[in-house]
Amino acid sequence: MSANTSLPISSSLGNPRERNEPPLTIPHPPSQNFPGSRLMSILPTTFQRTQQTVTCYDYLGRPQTHGLGQRYLSPTTGVCRKLTVQAVHPMGPHEHHIKDHMGRANKIGLWLAYTNPFRGGIMIFLKWIGTWLLFSLKLLWFLLWIIIAGYLFVQAGIPLSDDPTDDSEVYNTGRYKSYIRPFRNQLWEARSRKEFSSRSKKTVKGRDIRLHTLYPRVLMLHDSTQARWIPCEDRDTIIRTKYIAISYFARDMYNYGPNLKREKEEFKEEVRAAVTQQNFDAYWLDLECLSDEEEKKKVDLFCMADVYRNAEKTLIVLGKSEGKGDESKAWERWGDRVWTFPEALLSRDLCCMVRGRTKIGSVTLHQLANLAYLNHEKEQAIVNAYSGKDPLERLERLSLLKAAIFRRHLRKPENKTSASGPSSSNPDSNTGQTSQNIDLYAANRVYALMGFFEHRIEPDYEELEMCALARLSMANDSDSIAERMVSLLPPPSRTETEVSWYADEDIYQANLWDILPEVQVAGITEGGALILDGCKAACIRWKDFPEVASMQTDSIRRALVGLLPYFAWPAIIGGIATRELTTTSADTLGGTVLFVCGIVLLLMSPRLFAFSEQSRVVDAQPWLIGVKGILDSDEAALRIFPGGNKGPHYNIEYTPSGSPFAIYEEGRERAGSKAQYNLALRAEQGEYAGRMYTLIDTWSATIYYFSAEKPPTVCLFTGREGGMGRFVLCSETCYANELHKETVLRMPTEVSEKMDLGGWVAVK
């Protein structure tokens, strides 16, 4: 963003459809803009924008104004800070080289002990010599610090300890650093009726509408006395009348132009002739049975699933065809529409006709799948379930239905024709049909899916498709569709949506019903973010490798050996002083022996430290440590514990199945292969350049590779699948009080036991 760029001051989110995320100061800005619906001015928010600054709130609700750029909430101070990232190859002002806390003498000594200076070339040899000199000075400084600290404590009364504010103090709490910023905004739609819901406070016409029906509101009946078809709204007549429901593809029936009215009448006449041929005296056709009144129109549109479910037969009308090729294309056009899919599945009996032909033939669901559905292989299970051939569990059936309906994308005006849904005479409609057309709703596909659910939701012109899906999921709580979606990681090739929690597929090849959610959706925001309750959350550390406290097996011998290097310099200095200050040969000899012992101790100090640290690590302080770029397990271990994987006490292992880049070993023991390191390196040099990251979990001693648009700073435990936990890594949008899902990892479920349960979080 240039220096003269300004952002409008606002107390609300504004229109998310016209809003972009503020540019980040990392080299790779996010690729997603989040369209949303109109927000009400009464909706309270937690941010406001000014020129080059935004205002967010800390964990106590105190405002804090800062510049643009990626931020994170410090788990130690509760203050929003600018994110700085350690990187293998730093780029930009907010990235730096990898840092660690390996400066202590014993840790440097361990590195010297486990590093062979004669392997690796001249640079390794020179580095080893320089490190040994530094190590010697560190031991000397330890002696000087003891003398100075003792003097200050005895003479001046200054305490030896301090109260550091940095969060790198060494202690083992047995817990990960907690995420302490809860969601504080009002809900747009709440699960509980006791919660305030800004959507429920809006004045909506026809709010108390009927979403289920056992009969159509209107039928077209044949009046034999007058020899014409008339609309009938009499309930007693309708409930006693058997009828045919008509399903069609509008653009194959009529074109919008000067002859629109005539073409519609011709279509109606053909439908009536076909109904009479089938020996029925009533039919339902959206052109004639949908009302122009707002109240009645909502009933008609959102009970259409019941209209087809209760019809004796459904007649599919195809456009005029001159040959089999044209007829096949007509079937495909009909089958590609959103609403024709539930119309067919919910029908008791199906028949079809081609315009211009008098023959009407029966068609089964299996025939229909082969003729009309381009993805018929994927939809075979649904067809089998609704034909009674192969029943599915409820959640599996609904998941397959959702995927099938959502594959039927909405078309642009020039390409799109309507489903057999509502039609009218407005050629300016974005669907090519009238204001009655359900495609005018942004959440059209969700409302089509709604017909398969027991509990339905009231339609809303202004809501996002993902908001409607979340509301439908909350209304049918036992299915927990939204909660399960949060734990899925869609393939990178999938079409981007306005929210990050939505997923049709999973890169780990798990199905929606395979996920066992550990969270509950408490509500949604108007921008489409899910408010999750019951999340266990931990912070990810990006600035450096902290000093990791550990619990090791006790050994008095190792403890004593570990103290010997600290006597090297006292022995050397004592030997020199004895030789210089004494005159007798015996004292001189004693000083020489003391000096030689000090030199020997100094030379052996690396090995002595190595021996003292050879006890097994029983427990390590849990940390999630992030690095931009690809770090192998040996170097990661070396940054955490001296000696790293070369030492006998601590190993960082590759995950066998926990990340999109994970590769397992095919031996007898379950283990991850180092081949994933090379795979991640190639990805970083290719399509994921600048977007590859490494995550190290110190408690499970596991390393993960993943790609993300931004460095995730929060880890959420959201569910379980296949014997592993699902952990969602999120970046923070502090001014909106929201998290954005960057990736999902499969980590051992027991990791969640080291995470603290937090408050509500908003995941968008």
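Buried means under 20% relative accessible area, exposed over 50%, and partly exposed in between, with a 1.4 Å probe and protein chains only. The model is predicted: local features need pLDDT of at least 70, side-chain atom pairs count only at pLDDT 80 or more, and totals for chains, interfaces and linings use all residues. Residues are numbered from 1 along each chain as its sequence is written, and side-chain values use heavy atoms, with hydrogens and water left out.

**Exercise 1. The chain as a whole**

Task: State how many helices and strands the protein chain has, and what share of its residues is buried.

Solution.
- Step 1. Helices (H or I, at least four residues) and strands (E, at least two) are DSSP runs, numbered from the N terminus. The protein chain has 21 helices and 30 strands.
- Step 2. Of the 764 residues in the protein chain, 55% are buried.
- Step 3. Take contacts next: heavy atoms within 4.5 Å. Among contacts with a separation of 6 or more, 66% join residues 24 or more positions apart.
- Step 4. Accessible areas come from the Shrake-Rupley method with a 1.4 Å probe; for residues, only the protein chains shown count as cover. The accessible surface of the protein chain is about 34,700 Å², and carbon and sulfur atoms hold 52% of that.

**Exercise 2. Aromatic pairs**

Task: Find how many aromatic pairs the whole structure has, then classify the pair of Trp284 and Tyr308.

Solution.
- Step 1. Rings of Phe, Tyr and Trp (its six-membered ring) pair if their centres lie within 6.5 Å; planes under 30 degrees apart count as stacked, over 60 as edge-to-face and the rest as tilted. The search of the whole structure gives 15 aromatic pairs.
- Step 2. For Trp284 and Tyr308, the ring centres are 5.9 Å apart and the planes stand at 70°, so this pair is edge-to-face.
- Step 3. Trp284 belongs to strand E12 (residues 282-284) and Tyr308 to helix H8 (residues 304-310), so the pair ties together parts 24 residues apart in sequence.
- Step 4. Check burial. Tyr308 has a relative accessible area of 1% and is buried. Trp284, at 2% relative accessibility, is buried too.
- Step 5. Trp501 and Tyr502 make another edge-to-face pair, with 6.5 Å centre to centre and 75° between the planes. Both Trp501 and Tyr502 are buried.
- Step 6. Ring pairs also join Tyr248, Tyr254 and Phe267 into a cluster.

**Exercise 3. Leu530 and its strands**

Task: Trace which strands pair with strand E18, the strand of Leu530.

Solution.
- Step 1. Two strands pair if DSSP finds at least two bridges between them. E17 (residues 520-524) and E18 (residues 530-533) are antiparallel, with 4 bridges.
- Step 2. Leu530 in E18 is the bridge partner of Ile524. The E17-E18 hairpin has 5 residues between the strands, and Gly528 takes a positive phi near 100° there.
- Step 3. E18 also pairs with strand E30 (residues 761-763), antiparallel over 3 bridges. Val763 in E30 is the bridge partner of Leu530.
- Step 4. Leu530 is buried, at 0% relative accessible area. Leaving out residues up to four places away in sequence, Leu530 touches residues including Ala470, Val486, Trp501 and Ala762.
- Step 5. The C-alpha atoms of Leu530 and Ala762 are separated by 5.4 Å, although the two are 232 residues apart along the chain.

**Exercise 4. Two helices, one buried side each**

Task: Locate the buried residues of H20 and H21 and name their packing partners.

Solution.
- Step 1. In helix H20 (residues 633-640), the buried residues are Ser633, Ala636, Ala637 and Ile640. Their arc around the axis is only 95°, which puts them on the same side of H20. The arc is that of the directions from the helix axis to the C-beta atoms.
- Step 2. These residues of H20 pack against strands E22 (624-628), E23 (653-654), E24 (692-697) and E25 (702-707).
- Step 3. In helix H21 (residues 675-685), Gln676, Tyr677, Ala680, Ala683 and Glu684 are buried. They cover an arc of only 125° around the axis, so they lie on the same side of H21.
- Step 4. Exposed Arg682 and Gln685 sit on the face of H21 turned away from its buried side. The buried residues of H21 pack against E23, E24 and E25.

**Exercise 5. Cysteines**

Task: Give the number of disulfides and explain why Cys734 has no bond to Cys80.

Solution.
- Step 1. A disulfide is a pair of cysteine sulfur atoms within 2.5 Å. The structure holds 0.
- Step 2. The cysteine sulfur closest to that of Cys734 is in Cys80, 3.8 Å away, which is too far for a bond.
- Step 3. Cys734 is buried at 6% relative accessible area, whereas Cys597 is partly exposed at 40% relative accessibility.
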